[in-house]
Every structure is written in structure tokens, then in C-alpha cells.
Amino acid sequence: MQAFDLIVIGSGTAGSVVALTCRSAGWTVAVVDSLPFGGTCALRGCDPKKVLVGVADLLDWSRRMADKRTVKGDLEIDWPELMRFKRSFTDPVPKHKEQSFEQAGIKRFHGKAKFIDRTAVEVQGERLEARYFLIGTGATPANLNIQGQEYLIDSTEFLELEQLPKEIVFVGGGFIAMEFAHVAARAGSKVTVLHRGARILEGFDPDLVSSLAAATTALGVTIHTETSVEAIEKTANGRFAVVTKQHGASVTFEGDLVVHGAGRIPNLDDLELDAAGVTREKRGVVVNEYLQSPSNPAVYAGGDVASTDGLPLTPVAGYDGKLIAANMLKGNHLQAEYHLIPSVVFTIPPLASVGLSEQAANRKGLHFRRNYSEIGDWYASRRVAEKTAAFKVLIEEGTERILGAHLLGPAAEETINLFTLAMRFDITAEQLKQVLFVYPTHASDMEYML
């Protein structure tokens, strides 16, 4: 048996922040992970995905400019070389992460952790006790409970493909499916997206999503909404048949590969939380405003695994980690607040959002003006030959507070941060108009969105 002040389960963003912060305060700390150290974002999520998106964006930009006859020749993606380039980012992560823990004096354990009582976990037959625990095990693909589910690959496996198949079917129309669909289509695959909801990217502004969906279809991606996948079958020629129910009728789609993009759930099943008296629900570990388990105060949870209003984003996990570490070290005094956190879908072009949607603002009974426009003909869009661009900004009448900002187009993923900054510090629309941004940039267009 070994005893620690803190045992962190999971080596991703939330876990790393808590482990290193508490260790720097003099605590004895252990980190346990059954997967390579580093977490989802660095190894099998945000970072490798953005490498692929970056190359696809370069290809797309070159083709847009070729249409304007400003460049000659046609680029194409070399998928095996793209994978090699991606691995130059991901392969060093586990070793570097372990070295950072070792240099900090943090004990590392490889294997699955399971609680055996309220103050101890077992890892590969060894009992580890602690005063506090942090659960930061992230999310895992949801069980779709369909026949042939074993034929699906998940996002992790997609990011490891050595060759890209000719025809790919994505199950789901959220972040993962749409981002990978844009990459795969530009890499030469025929792509089909099957989504059971009425529209893709349901958490984003419907007008902007409609524009993005039209551009995605023009790219060659086939999108089917209100289409529920019921089974996946392997065909005699080694392909896959995806059996769906579409508007009451049975419709089958075929592909060389079927990718799970239909949502992720908290990765908790192997932890045996009942043994520790830790309550969970569908969204994750039940926590209070301090991100602490009410049923076992020795346990905290953060990131994708905690049942909070926080979005499943890396910055949220980092925020949770900082808050949890402070509450562990100094007693519960910081409460989690998740308002005004921007989110981005890295399609090409990207779609970004922060604050209230138009529907949410109406539900709250707020009085606001709605500034909405398609801006594919604005200079910043025309310069890069991107026709798909739009914005919707909600401004409260009387106060001039910016209630929500929704952007589609080049540099949306950067410009949304400027709106977030203004909203967090209560900078009004009129005040923001007085800020001098470098011209000509996408930021300088903000004046005309307000």
C-alpha cells in the first residue's frame, strides 16, 4: 500500500493542472492513467485534428485562388505524409508528459484505477490511498446500441489511418463528424454524413449552420438529416452497409469505412464509483459548485467527466483544474462559472460562437437588435476568395451590451476571442467600435457587425 495527499486519475489537461499545482505546494501526488500519458487533446483530439485541418485549409485556399487564376497547378493531400507530420506532434507527448511529472516528483502509475473504498483505489493489484482524488478521465464514444456497432471506428482510430478510404460514412452531425468530413472530402474521399436530428451542429446558430451546410454540400459531402442509424453490416465485398430509418422508410448507405461521430459520454464505467460512494448521472460525476462530489467530499471531478454546465472543451478542463487545485489547497472558496466560453467548429471555413443564441435571448425576454448578414462579398472574404461567410451579433437595447456573437468565415476562430473579451469585461458595442484594430484584418470588420 502507498499513501498520497492526492491521486489524480487521468493525465489530460484537468488532471495535469491539478497534479502539478498541488505538487508545487508540497503535496505528495500520484497520477494514474491506463492510456499513454497526455490526454485526449494532445494525443487524439484538438491538436492532431487541427494539424489535419490546417493542411486541408491550405489545399482549399490554393484551389479558391486557382479559381481566380492567381495561382497555377492543383495541390493534393498526401495522406501518409500528413499522418507522419501529425505524429511529429503526438508521438513525443507521452514521454514529455511523464518527464514533467517525474521532474516535479509526481509518482506515475500505468493501468486502470478502480475505487475499492472511499479513500483508496487499486491499480494493477496495488492499493493506493489518498486524502483527495481528482477524476479527470475525459470522455469516450457513446454506445449506440445498434447491431454491427463493432464495425465503427472512432475519432482516435480515424486520426491513425495510414490510408484514407474512397468512401466514408460518418454517423452523427456534430463537431467530430463535420470537422473530419471537411478534411476527408478535401483529401479525395466521397463523404456521407448521417444525422438523426433535424439539422447538423445543433448547438450553433441555425442561420449560420444553414450557410455552412450549403457550402459543405457544394464541397461534395452528402448530408442526410432526420436519419437514424439502425444497423451496420459487412458486405460480401468487404465494404459496409449502414441501415437507417429515414422519414419512416428504410434506407441503406454503403462505404469503405464508417466513423462514429454521434457523441461522447463521460469515461467512468471502469472506476467502480459505487465503492467510493461517488454519485454519478448521465452527464458525469455529480459535483457541487466547487466541483466536489457531495457524496464523497474527498473526490473532485473536472473536464468532460464532471456533470456541469461547462462545454466539453480543453480550456474548460484547464479552468476546472485551476479551480479544483485552489479549492483543494485552500478549502472550497472558488465556484465554477461557465458563462461566456466560446466554442468553434474547425470546418473550412470555421464556425464560432459565444454568449446567448437568438433563441435563448428570446426565452429570457431580452430586448435586443439582431445584426445578421452574409459577408462573402466583404473585402476580408473576397481577398481569400471565400464566399461562405456570415455573422450574427445580438446587442441589448438600451445597455448596448453584446449578448451573443456568432461568426462563420475566415479567422472566425480568432475573432470570436475578441468578442468574448469585450463581453466578459462589459465593453459595450459603442465602446468596442472605438477600438482601433489593424486594418485590413477580420478584426477591423467588427465595427460593422455592431
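Lys392 and Asp205 bring their side chains together in a salt bridge, with 2.9 Å from N to O. That contact ties together distant parts of the chain: Lys392 belongs to strand E23, while Asp205 lies in the loop between strand E9 (190-194) and helix H8 (206-219), 187 residues apart. Keep in mind that this is a predicted model.

How exposed or buried are the two partners? Lys392 has a relative accessible area of 1%, and Asp205 comes in at 3%. Buried means under 20%, so Lys392 counts as buried, and so does Asp205.

Lys392 has another acidic partner. Its side chain also meets that of Asp207 in a salt bridge, at 2.6 Å from N to O. Here too, distant parts of the chain are linked, since Asp207 sits in helix H8 and Lys392 in strand E23, 185 residues apart. Asp207 in turn forms a salt bridge with Arg370, where the closest N and O atoms are 3.1 Å apart. This pair connects helix H8, home of Asp207, to strand E22, home of Arg370, across 163 residues. As for accessibility, Asp207 is partly exposed at 25%, and Arg370 is partly exposed as well, at 39%.

Here are the three pairs side by side.

| Pair | N to O distance | Separation along the chain |
|---|---|---|
| Lys392 and Asp205 | 2.9 Å | 187 residues |
| Asp207 and Lys392 | 2.6 Å | 185 residues |
| Asp207 and Arg370 | 3.1 Å | 163 residues |

Which residues end up in one network through shared partners? Asp205, Asp207, Glu358, Arg370 and Lys392 do. For context, searching the whole structure turns up 28 salt bridges.

Now for the sheet behind these residues. It is an open one, built from 5 strands in the order E20-E21-E24-E23-E22, with antiparallel pairing. At the edges are strand E20 (343-345) and strand E22 (368-374), each paired on one side only. From one strand to the next, the twist averages 10 degrees. E22 and strand E23 (residues 390-396) run antiparallel and are joined by 7 bridges. Lys392 turns up again here: in E23, it stands opposite Tyr372. Helix H12 (residues 412-424) packs on the sheet, where it touches E20, strand E21 (351-355), E23 and strand E24 (402-408). The direction of H12 makes about 175 degrees with that of E24.

One last check concerns helix H5 (residues 93-104). At 1.5 Å a residue, its 12 residues should span 16 Å, and the end C-alpha atoms are 17 Å apart, which agrees. Just after H5 comes Gly105, with a positive phi of about 85 degrees.

Notes:
Residues are numbered from 1 along each chain as its sequence is written. This is a predicted model: local features need pLDDT of at least 70, side-chain atom pairs count only at pLDDT 80 or more; totals for chains, interfaces and linings use all residues. Side-chain values use heavy atoms; hydrogens and water are left out. Two strands pair if DSSP finds at least two bridges between them. Helices (H or I, at least four residues) and strands (E, at least two) are DSSP runs, numbered from the N terminus. Axes are lines fitted to C-alpha atoms, for helices over the stretch in contact, and angles run from 0 to 180 degrees between N-to-C directions. Contact means heavy atoms within 4.5 Å. The expected span of a helix is 1.5 Å times one less than its number of residues. A salt bridge is a side-chain nitrogen of Lys or Arg within 4 Å of a carboxyl oxygen of Asp or Glu. Buried means under 20% relative accessible area, exposed over 50%, partly exposed in between (1.4 Å probe, protein chains only).
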